[in-house]
Structures are given as structure tokens and as C-alpha cells.
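Here is a walk through one protein model, written for someone who would rather be at the bench. Have the structure open and follow along.

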Amino acid sequence: MPSSDPESFRTALTRAKNVLILSGAGLSAGSGIATYRNAENSLWSNFDPKKYATLEAFKDDPVGLWTFYHRRRSEYLLAKPNPAHYALGLLAHPPVLARIAPCHSLSRPSSIRHITQNIDALALRVIESLPSDANVVNMSSSQSSRIEEAIIEMHGDIFVTRCISCQHINRSYEPQLASTLAHLELQSQPSMKHDGIITVDQLPKCGGDAWAGSNRYGRCGGLLRPEVVWFGEVPPQSGEIARMMSTCDMLLVVGTSSIVRPAADYAAQVKKNGGIVAVFNLGYSKGAEEADFLFIGPCEETLPEVLQ
Ligand code: BJW
Ligand code: ZN
């Protein structure tokens, strides 16, 4: 039987050397963002992932996919990190911990990294919404880069785009990626159908420089795609993550159904290597099968309590 004792959990955490956090949609549920499956109004109960989360779907209907991602992007921009994001932020990011909670009672393992499957950027944005004296703006560049390094967004980020021609990557929190997308706000059909309001020509385009050999010759203008990982695509950092899992001695699995691979296999991999697995979930997820510690309940309540 897995333990639900916070004190034993904290002891295990402080003894561990290489701690990893693997989070999923349940981490952002407390921020009002819908999860993907098995819940009322979950994303895939309203939208068929084959039609909205594959490269084939993007090629078949780029306007439809941009409509879908633009609206989610607008919704995520309005969302705020919740207490679970802050609890993990305090645990994983030493500069934040040092600035906002110098008396934090938990001593830290030597290495903690957070791998999130979420594309909402809330784990990164937790830094921006800290009190100004702890804000990343006031930190040295080496400190802020350490924060970004500590978080791996393994399924990408809705605020990042990639040009399908020159592969230029860009992060932007601008509400409108293309002025034409503003028209989509006016449409409120729950189906999110675009009904020919805009055309492919009006979708977000690459403003990056285009190159011919070593000569820069102007703007590329290629079609942008959201830099998220769709079904059938390999998460770019999966090799690095697999290596991290092989030396992980404690894995915190937060708010994921543990259905989607490769993330679904990580807890079993850590267990096989003799590591400890702690699961934080609203219910008995598939990940609970591997749990040494199990904290059932909303993680925006259980995490701050257990990591106090
Ligand atoms: C709370 C809570 C609260 C709620 N507190 N908890 C057959 C055919 C084709 C492909 C496959 C196949 N079988 C397997 C595959 C592979 C496929 C896959 O796994 N499919 C499964 C569905 C079967 N995987 C892939 O294709 C991946 N690539 C791949 O495998 O490449 C090959 C390879 C890789 C590496 C090594 C070797 C080979 C790519 C997967 C890409 C996933 N993309 C998405 C969409 C992102 C873009 C977008 O959002 O539009 O990523 S799908 C979606 O699922 C999203 C999520 O990150 C991901 C995981 O979902 P998550 O986070 O677990 O959410 P939920 O909703 O499932 O669960 C929420 C949980 O929270 C629940 O447990 C709740 O109880 C809990 N909860 N509130 C705590 N308050
Ligand atoms: Zn380009």
C-alpha cells in the first residue's frame, strides 16, 4: 500500500539526489484549464484529437487548427498559475526559493527538474507573477536562465511558433499572432468551426530572416505552426528525458492520466531502477500502480500542504 504520510514523503524527498517532477493537465486544472480526457468538458470529449492534434490535420485544415489554437491561446493568456504551480516553483527553482521564502523549511535535494506535458506555459509564468522583488526581471541573467533550464515543456508550448519553411522558433505572449485572428474572437460557436472567416493567406506568417546559403535575403513569410507535439510526433527532448529518468531516484507524478507515451512509461522506468514514485492526482490514475506515495485530491491543495 502506498503511503500518504507527508512527513515520510518529505524525509524521502530530502534524501533523494536526483528528483524529477512529471506534470500533466491536472496541474493546471486549478487555474481553470480543461484537462484532456475523462472529465466533463474535457478537451478531447469536445474535439477529436485526430482532427485537431496531428500534423495531417494541420496540413488538411490549417485555418481550422489555427482557430482551435488561437482560442486556447487567448484562454491560457487569461489563466493564472495556481498554488500547485507555486509549490512546485518553490521546490524546483532555487533563485525563487531564496528570494521569496528564505525560511522555507524543506531542505532541497541536489538536483530537481520539472518536466511538464502542459503547453500552457503556466509553470514558466509562475516566475513572472511573483512579487516584484522576486521577479525574474530583477534577477541576473544566469539566475533566470537557470529557471528556464529547470523546466522542460515536453509537449511544447502554445506561445511558441515554428515556421514550417525555415524552422524559425519564436515565443510571443501577444494576444494576436496575426491581425486576422482577431475576427475569430467574435465567433462564439462552441464547435469552433471557422466557416471560411479567414483564409490560409491570413494565418500567422514567419517574420524571421530567410537565408540563402550564408546570405540573408529578407523575410521568410512561411506559414507558422504552434510548437506543440502532436500525436505521431516525437517529443524533441525525449532522449534527454529518458537519460534523466535513468538516474532519477525520486519522481513526483502530478496530475497526469499516464496514458500518453512516452511520459506514461516514466514512473515504471524509475521504479525498475529502484527509485521512489510519488503520485498526486484527483483520483486513482494509471500512475498510481507504481506509487510509493499517493496523495489523492486536487494537487492545488495537496502539493502546498505536503511541500510546506
Ligand atoms: C487532477 C486534477 C487536480 C484533474 N489535481 N489531478 C496508437 C496509434 C497512434 C499512436 C499511438 C498509439 N498507441 C500509442 C501511441 C503513441 C501516442 C500515445 O501515447 N497515444 C495514446 C493516447 C495511446 N503518443 C505519441 O504519439 C507521442 N509520440 C510518440 O510516441 O513518439 C514516438 C516515440 C517517442 C519517444 C520515444 C520513442 C518513440 C506524442 C504525444 C503527443 C501528445 N500531445 C498532446 C496534445 C498537445 C497539444 C495540444 O494540447 O493541443 O499532449 S495529447 C494530450 O495528452 C496533451 C497532454 O500533454 C497529453 C497528456 O495528457 P495529461 O496531461 O495526462 O491529461 P489527461 O487529461 O489525460 O489527465 C489529467 C489527469 O489529471 C487525470 O488523471 C485527472 O484525474 C487529473 N486531475 N484535475 C490533480 N486538480
Ligand atoms: Zn520562416
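Which helices and strands each supply at least two residues of the shell around ligand 1? They are α2 (26-29), β10 (276-281) and α14 (299-306). Bear in mind throughout that this is a predicted model.

**Around the ligand**

The shell around ligand 1 has 36 residues, and the ones that come nearest are G24, G26, Y36, Q117 and S257. Sorted by class, the shell holds 17 nonpolar, 15 polar and 4 charged residues. Q117 is worth remembering, as it turns up again at the next stop.

**The annotated active site**

UniProt, in an unreviewed entry, lists H155 under "active site". You'll find H155 in the loop between β3 (151-153) and β4 (156-163). Is H155 buried or exposed? H155 is buried, because 22 other C-beta atoms lie within 10 Å, and the cut-off for that label is 20 or more. Setting aside residues up to four places away in sequence, H155 touches Q117, I119, V228, V229 and P235. So one of the residues that come nearest to ligand 1, Q117, is also a contact of H155.

**Four cysteines**

The unreviewed UniProt entry also has a "binding site" listing, made up of C163, C166, C206 and C220. These cysteines are spread over 58 residues of sequence, yet they cluster in space, with a largest C-alpha distance of 8.7 Å.

Two of them can be looked at in more detail. C206 is in the loop between α11 (182-186) and β6 (209-212), while C220 is in the loop between β7 (215-219) and β8 (224-228). Leaving out neighbours within four places in sequence, C206 is in contact with C163, S165, C166, H168, C220, G221, G222 and L224. On that basis, C220 is in contact with C163, S165, C166, H168, C206, G208 and A210. Each contact list therefore includes the other three cysteines of the listing, along with S165 and H168.

Their burial labels are not alike: C206 counts as buried, because it has 21 C-beta neighbours inside 10 Å, whereas C220 has 19 and so counts as partly exposed. The line between those labels is drawn at 20.

Here are some C-beta neighbour counts from around the model:

| Residue | C-beta neighbours inside 10 Å | Label |
|---|---|---|
| C206 | 21 | buried |
| C220 | 19 | partly exposed |
| N41 | 8 | exposed |
| S258 | 22 | buried |

**Backbone oddities**

Most residues other than glycine have a negative phi, and most peptide bonds are trans. Against that background, a few spots are worth a look. N41 has a positive phi, near 65°, and sits in the loop between α2 and α3 (43-46). S258 also has a positive phi, near 55°, and its place is in the loop between β9 and α13. N41 is exposed, with 8 C-beta neighbours inside 10 Å, but S258 is buried, with 22.

Then there is the peptide bond from R261 to P262, which is cis, with omega near 5°. P262 lies in the loop between β9 (250-254) and α13 (266-272), the loop that also holds S258.

**The core and the domains**

The protein is divided into domain 1 (1-33 + 79-155 + 235-308) and domain 2 (56-75 + 156-228). Between them, 6 residues of domain 1 are in contact with 6 residues of domain 2. The side of domain 1 that touches domain 2 has 3 nonpolar, 1 polar and 2 charged residues.

The largest nonpolar core has 63 residues, and L22, L251, V253, V277 and A278 have the most contacts inside it. Its largest share, 7 residues, comes from α7. Both domain 1 and domain 2 give this core at least three residues.

Why is helix α7 (residues 83-92) described as largely enclosed by the rest of the structure? Because 9 of its 10 residues are buried, including H85, Y86, L90 and L91.

V253 ties a few of these threads together. Not counting residues up to four places away in sequence, V253 touches L22, S258, A267, V277, A278, V279 and G287. That list includes S258, the residue with a positive phi near 55°, as well as L22, V277 and A278 from the best-connected members of the core.

Notes
Residues numbered from 1 in each chain as written. Chains lettered and ligands numbered in written order. Predicted model: local features only at pLDDT ≥ 70, side-chain atom pairs only at ≥ 80, totals over all residues. UniProt positions renumbered as here; feature names shortened; annotations may be inferred. Helix = DSSP H or I, 4+ residues; strand = E, 2+ residues; numbered from the N terminus. Buried ≥ 20, exposed ≤ 12 C-beta atoms within 10 Å, placed from the backbone. Contact = placed C-beta atoms within 7 Å. Near = placed C-beta within 6 Å. Nonpolar A, V, L, I, M, F, W, Y, C, P; charged D, E, K, R; others polar. Core = buried A, V, L, I, M, F, W, Y, C linked by C-beta atoms within 7 Å. Domains from an automatic or database assignment.
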